[in-house]
Amino acid sequence: MMATAATVDPMLPQPYSVRQVVKETSDTFTLTLEPPALEPSSGVYRNRFQPGQFSMLWVFGVGELPISISGDPAARDRLVYTVRSVGQATQTLVSCEVGDAVGVRGPFGTGWPMQQAQGRDVIVIAGGIGLAPLRPVIYEVLHNREKYGRLVILYGARSPHDLLYRRELTAWARQRETQVLATVDYGGLNWHGNVGVVTTLFKYVRLQPTRSLAFACGPEIMMRFVARDLETNGLARENIYLSMERNMKCALGFCGHCQYGPHFICKDGPIFSYDRMRPLLEKYEL
Amino acid sequence: METLEHIIAEHPFFAGLESYYTNLLTGCATNVRFDGGTYIFKEGEEANEFYLIRAGRVALEIFAPQRKPIMLATLGEGEILGWSWLLPPYQWKLHAHALEPVRAIALDGKCLRAKCEQNHDLGYEVLKRFARIVEQRLEATRLQLLDVYAVGRS
Amino acid sequence: MATRTPALLTLEQIERLVLLLHGRGYQVVGPTVRDGAIVYDVVEKLSDLPVGWTDEQEAGRYRLRRRNDEALFGYVVGPQSWKKYLHPAEVRLLTAERSGHTFRILNNEPAPPRRAFLGVRACELAAIAVQDRVLQGDRYGDPIYAARREGIFIVAVNCTQAAPTCFCTSMGTGPRVRGAFELSLTELVGLGKHEFVVEAGSDAGAEVLAELAPAQAVASQATCQEAEAAVERAASQIQRRLDTTGIRDLLYSNFDHPRWDNVAQRCLTCANCTMVCPTCFCTTVEDVSDVTGTHAERWRKWDSCFTQNFSYIHGGSVRSSAKSRYRQWMTHKLASWIDQFGSSGCVGCGRCITWCPVGIDITEEVRAIRESPASSSQVRKESSHGNP
């Protein structure tokens, strides 16, 4: 039960304390936040989230950002976020030190359809920082190995320096029934992995299209290419899921910013099946 | 024992090709190996064959003055390497660098071109397969060109 | 609820109504003349109302003019709507104080006054219902809206005249008020009389009405017919039409219609239409902090899909052209709103037409698209021999 959830105003950020900041790449950091006044005796934590959900992170006096939760859904005593520093608010956020407070609202949005994925192969396709909202899926599958079929992780980044969670990628590859393939758009001569966009990895995977569910997250145009190729490989549109992104101010469905055709990304998404997105994805300036 | 013809027929590139044609192709085929770190071919050299990769990874590289070599793509098991043998001037336009020990079937370009000229049905089957590869690589290049992970583009 | 029979109020009783509502602890807000327009503000006494004023409206034009009578509600609609009170243009979301590493949220906003709205038109009542659905009828409710909305005493007014910009009859919202109100008035003025047919729409309304002791507890049939005819007259004055048949699919399937380019050449993306629209609800949030960095506030402010920043995600705006922003506004208002909230987002008040500085008319834009839908504006195939 979410014992305290009812008393929390979804409009007001709760101060969480920064427990750890890990530099992943030159501009991307992973923050671990700890909720205030944990009630360990009760064993009740508010941090229950579905893989794929996001929070609104508020930096005191600076601004608020929608950030996907990238941690382990089983670890209820903390929330983990992977943030790319691209503006003032994200820059301030990643500059936090241990013990600093960050405002947290959420979690918000729909998660990846883990229920539907049970008994099936899970194909995770990530581009760039898009691996962050998919990492909880990977944790969930690896913790509950018997519930799911094969786990395939296809990951594309700009360059070898931009690959997130490199040690975990190696560790995941050693798990049973798990295939991990990474590729970069631009490889240096010291890079001995794959070079090419993420879609070039499909040929190394023996997909069982009728018993697979594919989850893709990355730049929208990358997801368009990915979804198209998955369909060519025999996956039905309703078995392909995408994590969408739009400007967001409230995450509650009433600031209006995240509208995408008839959908509000914040409350109807951010996870949508490809058959729902397909009519909209190719509309310029929708 | 795995015959050459069997290997060709089983390779994804020739999947679904009738045995009459795989038999014709076998006449132009040789089993080859490359050590890791060696170059399978280099830019400017005569393009006399193409390769069905059976194992190992190959990088396609290009050099530019005052720059480090650029790795454009990597190819691996189940893929084909090279189409310059198909069209004049039959010269390689990139370096092919074996990143690991590579096993492949080499198909002799001149031999294959002659057979395709004689048997247009075979020619059409071969061209269809190459067209798909070209389309896939063009698509991948377009996506790469978009540099989708860069920040602050407008 | 028992059937309510119309009663009759005198002008003096309207004055008493205002005082009575004050007495019951309501802040009465209603129409008043300011800066050459009829706007909503606090009403203390009858003379605060736009007595003897009317408005002249056309696309891109609004003027006040004296009437030759002393009507209180002899105008149509002004630039403001009741969202001014229910969903304010600026509202503080929170105040926070930094203390050491952490911060405290000080949620010490005073409760908004309990308000009575005097002079709510049918289209505006419909607009309040639309915003109710958006801001408190979905997965999350907006507590700020809810606090302002709860316990509002609505005195609605039936329109007895229409502006050339009105099209409530197309949207099924007016000119007769329907839905949730406490009292509704129909003003009858002229030939030496000035009276109001009043109906209670709720128990609270009935209670207030009883306390007013109407001049006639049951209005005569003739008076009722006169009131009916006055509303009918307003309906018959309405010239603008917006054909809503299949409008959702019409707009969805005309995403690439050339009319969007046409309207984009006129649209200044000034956002006026969204500010005056009684249903537009979009907001942004601004953070402020003091110099020492110990005190921070978050302010929610009306935003508009006509601004470039509205759709900004790192790297740029999704809707950077004027064309895409006008299309978003109109398609949302008339089409995707139906998918999102089960009704149109447009109530036909005509404010967006009046207050558009270049006179863009939403009804005209819909008509233009309807008259040449996508299928006929596509490139036609030439015949095989190359002759036309």
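A polar contact, as I shall use the term, is a pair of N or O atoms within 3.5 Å, where within protein one atom must be able to donate a hydrogen and the other to accept it, and where residues adjacent in sequence count only if both atoms are side-chain atoms. What we have here is a predicted model, in which local features need pLDDT of at least 70 and side-chain atom pairs count only at pLDDT 80 or more, while totals for chains, interfaces and linings use all residues. Residues are numbered from 1 along each chain as its sequence is written, chains are lettered from A and ligands numbered from 1 in the order in which they are written, and side-chain values use heavy atoms, with hydrogens and water left out.

Let me start with chain C, which is divided into domain 1 (7-90 + 105-237) and domain 2 (247-373), the bounds coming from an automatic or database domain assignment. Across the interface of these two domains of chain C, the rule finds 22 residue pairs in polar contact, both residues at pLDDT 80 or more. On the side of domain 1 of chain C that touches domain 2 of chain C, the largest share, eight residues, comes from α3(C), with helices and strands taken as DSSP runs (H or I, at least four residues; E, at least two) numbered from the N terminus. The count of salt bridges between the two domains is two, a salt bridge being a side-chain nitrogen of Lys or Arg within 4 Å of a carboxyl oxygen of Asp or Glu. Glu124(C) and Arg351(C) meet through their side chains in a salt bridge, at 2.5 Å from N to O.

The area buried between domain 1 and domain 2 of chain C is about 2800 Å², of which carbon and sulfur atoms give 63%; buried area here is the accessible area (1.4 Å probe) that two parts lose on being put together, summed over both.

Turning to chain A, its assignment gives domain 1 (5-108) and domain 2 (114-281). Between these two domains of chain A the buried area is about 1800 Å², with carbon and sulfur atoms giving 68%, and across their interface the rule finds zero salt bridges and four residue pairs in polar contact, both at pLDDT 80 or more.

Finally, where does Arg57(B) lie? Arg57(B) sits in the loop between β3 (49-55) and β4 (58-62) of chain B, and its side chain reaches the backbone oxygen of Gly193(A) at 3.1 Å.
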